[in-house]
Amino acid sequence: MANSPIEEKIRRLRELNEIHSDQFNAERLKRQEYRANYPTEISVFKCMDGRIHIPIVTNTPFGIMRPYRNLAGYFDLGWPYLGEDLVNWVNYSINKGRKCLVMVTYHFSAGDNKCRGCAGFHYSRDEAFSFTINFREQIERMFGKDNGVVFPAIVGLETDKDILILHGENYNDILDVSRIEEHHLKPKEELHRLYPNMPEKLLCDFVPLVDGNMKHIKKPEVVNRQVLDSEHREWILGVGRGFDWLHEPNTALIVGPYSPNLSEPITTAAKIIKGNMDEGRISNDGFILLSSAPYRDLGLDRNRAIEKTKFLNNFAKEVISEKFPDLVGVMRPISVIIDLNTRKFEEIK
Amino acid sequence: MSVTKNNDLPSLPIDEKISWLFKQNEEHSKKFLEQQLIRRFYRSNHPTEICAFKCMDGRIHIPLVTHTPLGIIQPFRNLAGKFDLGWPYLGEVLNQWVDYSISRGRQCLVLVTYHYSQGNNEHRGCAGFHYNKEASFKFTTDFKEQFERMFGKNNQIVFPVIMGFETDGDSLILHGEDPQNILDVATLPMAVSDDDLISKLNELYPSIPKRVIDDILPLVKGNIEHVAEIKAANRPILDSEHREWILGVGRGFDWLHEPNTALIIGPYSPNLSEPIKIAAKIIKSNMDAGRISNDGFVMLASSPYREMGADRQRAIEKARFIKGFAQEVISSEFPELQDKMKPMAVILDLNTRKLQEIK
């Protein structure tokens, strides 16, 4: 798909949304069952990188994890919108009587981190890891250390083989999920070892993520994946929220609307797309600038989503046109709103 | 330090200004607590929730020019009073405000403001709109339409109204539902009766219900009084020019109601560096032109909280982030201002309006 002409890609994008919306609707009962069995609310702070898909690598039904995406997985809870959104999510969880697992993630490549690592952290695994420690501490400052409700955990993702590396409360205690079978470890006991202060219920709901990753990394398509597929090949630049239906790996760079300096991650994402074109990893006849805003209710909520997606599209267009005038001719801007009840998108003209 | 008349304040050394700033907050906090009953009384007589979208310009103080008790009008400030309801954080905060009002059974009056100078708009008008009154006005009509798209036209809950503010005489210009219909408060006699005013407001806003019209009335009456006071005081033109020496970023500044002292940027724009740059440029020109002392300015990052715990902690993280961010923007754009900048991060207790500095 990465090398197909842009018109075909646009058709594919619409088709993907249809397919995933159907799948999302078909999986409603499965999702409800998962929620009933594992009520902990889970959010994931992650890089905008198209290779990072925590629901896929943990075999978790879509619509369970709340994604927060930004350049390099870099965030600051002092960002006004991010703080507001996270507090709303925590309040929602508390109202439902659920605890909150916050996965603070970084990513790296075991094979060639200098080429396939995180560009946002200058391909330095240490830098990425060090950021997650600071961010975890900020979450603890905000909600209180050992508060018994919100538990942040640092998780690394090795992108060559999609392996999760869990870091314990003592950051140097780790669990490499690919080693569990080999060393005859028991995931739940391992999680106890890593997180002695994690509430029991939350820990029980963490186990299926580890089990899911153990299954995922044994899939033939992951085991036999070509290195090229581990390099950047994204042809969609997504800005906004409501992209979890778009879970084709390595297809979209997704910039959440959280940074008060939003032009920065958009610029970096455009640079990566340009690099993909220049290096021939994707066709050079176009890329999609996809702005998205989700809504749950008709009326005000939907109207607000329309204003948001329009703004984000225009803003991203302006940033890209100013920084990369040569991309203007190949940019295909599309504004959509997503109905969260169906994950179906609607294009806004 | 004794209370200094504002006329002298911009020229004082920066350390004295900083002492004044903290003293001002103490005094305001005391007054805010003393005014608790007045505020409650005002609220119970005028239950409509009011917010004002306005320019960051330090000359714009809607509560002051309408004689409204502090803490009633919720301010939204940005460069030139330019906003977009598509901005994620702004949309969120506004939505919460509307939800809060509805949960209390109150309607919402949204003042969409622009400002200009009658005497010399090319010099004392809105820099963010290139001193062009038409451009400012055009923006407010677009923004009002965005409100109508978002909340529904004639929704009977959220009422956006366009309001001009003439900064030489501090008078309000109310634009009706047909924006060409206007009521210039400066033209109203002191003795105008409530009935007369209500009938004028009904003409301007035929779709606005009586409850909300009754709550617009005190704003107009307050402005009539204020305009008369300004005329009587024969305010020098210098005070209508920019003399700000505080660059405020964040929220929770309503205690700082000394006119022409602070440029205030709300944390709403997803391109926050832009208004910060413009504000720094204005402060720089205030120094260069000798309208304020050139030994320093205060960069004040502020974040309000209502409750202890996560709410307060979040305010600390926010104030710290904003301070670091604004410092970086100013240092990279205006290296010459770096040594003159006195950066401060504060959190503000909304129950007392008392600030606390965060190191």
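The following paragraphs describe a predicted model with chains A and B, beginning with its confidence and ending with the contact between the chains.

Because this is a predicted model, local features need a pLDDT of at least 70 and side-chain atom pairs count only at pLDDT 80 or more, while totals for chains, interfaces and linings use all residues. Residues are numbered from 1 along each chain as its sequence is written, and chains are lettered from A and ligands numbered from 1 in the order in which they are written.

The model scores ipTM 0.86 and pTM 0.89. For chain B, the average pLDDT (the predictor's confidence in each residue, from 0 to 100) is 92, and 97% of the residues score at least 70. Residues 1-5 of chain B have a pLDDT below 50, and this stretch makes seven contacts in the model beyond near neighbours in sequence; two residues are in contact if their C-beta atoms, placed from the backbone, lie within 7 Å. Where pLDDT is low, the predicted coordinates should not be read in detail.

Chain A is divided by an automatic or database domain assignment into domain 1 (39-223) and domain 2 (232-348). Their centres, taken over C-alpha atoms, are separated by 24 Å. Across the boundary, 21 residues of domain 1 of chain A are in contact with 20 residues of domain 2 of chain A. On the domain 1 side, two or more residues come from each of α3 (54-57), β2 (65-70) and α4 (80-95) of chain A; helices (H or I, at least four residues) and strands (E, at least two) are DSSP runs, numbered from the N terminus. The largest share of this side, four residues, belongs to β2(A).

Chain B contains an open sheet of six strands with mixed pairing, in the order β2-β1-β3-β4-β5-β6. Two strands pair if DSSP finds at least two bridges between them. The edges are β2 (73-78) and β6 (182-184) of chain B, each of which pairs on one side only. Within the sheet, β1 (residues 49-55) and β3 (residues 108-116) of chain B run parallel and are joined by five bridges. Ala52(B) stands opposite Leu111(B) in β3(B).

Finally, the two chains meet where 27 residues of chain B are in contact with 27 residues of chain A. The elements of chain B that give two or more residues to this side are α4 (88-103), α6 (133-151) and α10 (310-333). Of these, α10(B) gives the most, with nine residues.
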